[in-house]
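Trainee: I've got a fresh model open on my screen and I'd like to quiz you on it. Could we walk through it together?

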Amino acid sequence: MKVLVINAGSSSLKYQLLDTANQDVLAKGLCERIGLDGKFTYKAPGKTTIKAVDVAMPTHSEAIQAVLDALVDPENGVIASMKEIEAVGHRVVHGGETFAGSVKIDDKVMAALEECIPLAPLHNPANITGIKACQAVMGMDVPQVAVFDTAFHQTMPPVAYTYALPYEYYEQDKVRRYGFHGTSHKYVAQRAAEMLGKKPEELKLISCHLGNGSSVTAIDGGKSVDTSMGFTPLAGVPMGTRSGDLDAGILEYLMGKHGMDIQEMVSILNKKSGVMGVSGVSSDFRDLEEAGAAGNQRAALAVDMFNYGVKKFIGAYAAAMGGVDAIIFTAGVGENSPEQRLDIASGLEFMGVEMDEQANKVRGEETVISTPNSKVKVLLIPTNEELMIALDTAALV
Ligand code: ADP
């Protein structure tokens, strides 16, 4: 089935046309600066790449139209007509407690998505705009599916998702751990089971999605049982520019001392903290490795703090699940940094982790990077959220 996967942001829209039969990516690209000057990028195997050309995109509808025009273009396109697109899968950030899985979109689902806006005020409105734009441009007959970042984590037990706050904040205000990157964690967990030749139900996994945003998830029997991100994606390990977990008492202290309001404080926690904040150099781990190697101690500290943070979650989740069969590394850093994988896994020999340094010298390829004798397997698995969205969409349609 040909499925168009859409990831709509407030001023951008990523797209991929996939054939779920053979899991081929037929075309992909990006619409940027929607509402401003509109830039369009398109890439398809064997076709001319279009890179950031000007296309008028006052709204997401024109962006979707530009995508469809490119896909059916007689010369550069990959399908003969729009009718070949049998379904659209949308990435939606927050499904609250309403959605524990992907769902075919109808009026009731749209209303429920609107209800989730307060939980993700920056992301969900853009996702909804993307859905409405597809409905407007493609018509209501093309089935659309919502795939949520939070859904995979809805299997967490109360002991993992409840915050130690007055209970009414959970009951009335829905404040709890939701977790994110669920599509990625679910995908790599499924791949891990296949690589190990086991059923998901037989496995205790810890998946480390380490990118600009990072999260670690405990997956027991194919179900997420705990995850490092929380009510928002600010929690857990230190990230590119996000602080990760910290003592909430720091907020009052810093706000008082520097006369900041809560917006300024939260903006610092989201945009100026993490490895960027500590190093003062960059949020990009490649820059940090370079700076660290050249003797910049804060850059080295930032990377060490990140690796240490991930290691601590691995230990915590092994304890929470009463063991672990495999640890998975994925996303930008997890897929591309042998050094960081090695550093994170070092010291875990006591629990049966034995890295294979030779096998670990690999980037972006499904590989077992532990020794054959390692009791706990360590796996590198490139994530593929678009494919997961397309497969979920095809299954529902
Ligand atoms: P996002 O959360 O934006 O999707 P990605 O998963 O693309 O992030 O990860 C981006 C991060 O991956 C960047 O910090 C980048 O430095 C890091 N990364 C990419 N390639 C490498 C590499 N070869 N070595 C170390 N880090 C890398």
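**Strands, a helix and a ligand**

Mentor: Sure, and keep in mind that this model is predicted. Let's begin in strand 14, where L379 has I328 standing opposite.

Trainee: Which residue besides that one stands opposite L379 in strand 14?

Mentor: Strand 14 (residues 377-380) runs parallel to strand 12 (residues 326-330), with four bridges joining them. It also pairs with strand 13 (residues 367-368), this time in the antiparallel sense and over two bridges. In that second pairing, the residue standing opposite L379 is V368.

Trainee: Okay, so which are the edge strands of that sheet?

Mentor: The open sheet has six strands with mixed pairing, in the order 11-10-9-12-14-13. An edge strand here pairs on one side only. That gives strand 11 (223-227) and strand 13.

Trainee: Switching to helix 2, why do its buried residues line one face of the helix?

Mentor: Helix 2 covers residues 107-115, and its buried residues are V109, M110, A112 and L113. Look down the helix axis and they fall within an arc of 160 degrees, so they line one face. On the other side, you find the exposed residues D107, K108 and E115. The value behind the one-face picture is the arc of 160 degrees.

Trainee: What do the buried residues of helix 2 pack against?

Mentor: Start from V109, M110, A112 and L113, the buried set. Their packing partners include two elements further along the chain, helix 3 (124-138) and strand 8 (144-148). The others are strand 6 (87-92) and strand 7 (103-104).

Trainee: And at the start of helix 2, which residue's side-chain oxygen reaches to the backbone nitrogen of K108?

Mentor: K108 is one of the exposed residues of the helix. Its backbone nitrogen has a side-chain oxygen within 3.1 Å, and that oxygen belongs to D106.

Trainee: Now the ligand: which residue has a side-chain N or O atom 3.1 Å from a nitrogen atom of the ligand?

Mentor: The ligand is surrounded by 14 residues, and the closest are N212, D284, F285, G332 and R363. Backbone atoms take part too: one of G213 lies 3.3 Å from a ligand oxygen, and a polar one of N336 is 3.4 Å from a ligand nitrogen. The side-chain contact at 3.1 Å comes from R363.

Trainee: Last one: how far apart do the C-alpha centres of domain 1 and domain 2 lie?

Mentor: The domain assignment gives domain 1 as 2-148 and domain 2 as 198-380. Between their C-alpha centres, the distance is 30 Å.

Terms used. Residues numbered from 1 in each chain as written. Predicted model: local features only at pLDDT ≥ 70, side-chain atom pairs only at ≥ 80, totals over all residues. Heavy atoms only, no water. Buried < 20%, exposed > 50% of the residue type's maximum accessible area, 1.4 Å probe, protein only. Arc of directions from axis to C-beta. Contact = heavy atoms within 4.5 Å. Polar contact = N/O pair within 3.5 Å; in protein donor to acceptor, adjacent residues only side chain to side chain. Pairing = 2+ DSSP bridges. Domains from an automatic or database assignment. Near = heavy atom within 4 Å.
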